[in-house]
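Let's walk through this one, starting with a helix and ending with the pockets. Have the viewer open as you read.

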Amino acid sequence: MDLNSIQRKVAKTAFDHGFWDVDIRNPATIDRKLMLIVGEIAEAQEEWRKGSLQTYYAETDSGQKPEGFFPELADAVIRILDLCEQLGTPLESILLEKDAYNEKRPYKHGKQF
């Protein structure tokens, strides 16, 4: 499955579960969605602080919920893909364009880290 297909799939799941019930043209909506992405990254960082990269599972009403560092990163990617779909932008082409540019940049972009 290519990234565009994954983007459409995760967006359909988000739509089916009520996450498209807001006006995406409202700047506050985009701000909120960006902060939810940041929240997922923060959750991944908290998992890292616990000292493990292992995925574990929590029992929920919907079944076994994957938890841990990598599932939190996956949540961030899902939210990013969903936002791109709502904005009508296929992330795959943007990723490839940005990577092609990055290939031409100097080592560490001329910085220390």
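Start with helix 3, whose buried residues are Phe-69, Pro-71, Glu-72, Ala-76, Leu-81, Asp-82, Leu-83, Cys-84 and Gln-86; buried means under 20% relative accessible area with a 1.4 Å probe, protein chains only. Helices here are DSSP runs of H or I with at least four residues, strands are E runs of at least two, and both are numbered from the N terminus. This is a predicted model, where local features need pLDDT of at least 70, side-chain atom pairs count only at pLDDT 80 or more, and totals for chains, interfaces and linings use all residues. Residues are numbered from 1 along each chain, and side-chain values use heavy atoms, leaving out hydrogens and water.

What do the buried residues of helix 3 pack against? Their partners are helix 1 (3-16), helix 2 (27-49), strand 2 (63-67) and helix 4 (91-103), with contact meaning heavy atoms within 4.5 Å. After helix 3 comes Gly-88, with a positive phi near 75°.

Now for the largest pocket, an open set of points on a 1 Å grid over the protein atoms alone, where a 1.4 Å probe fits, with protein on both sides within 12 Å along at least five of seven lines; lining residues have an atom within 4 Å of a point. Its lining has 20 residues, and Val-10, Ala-14, Phe-19, Ile-78 and Arg-79 lie nearest the centre. Helix 1, helix 2 and helix 3 each give two or more residues to that lining, and helix 3 gives the most, seven.

Thr-60, Ser-62, Gly-63, Gln-64, Lys-65 and Pro-66 line the second largest pocket, where strand 2 supplies the largest share, four residues.

Key. Buried means under 20% relative accessible area, exposed over 50%, partly exposed in between (1.4 Å probe, protein chains only).
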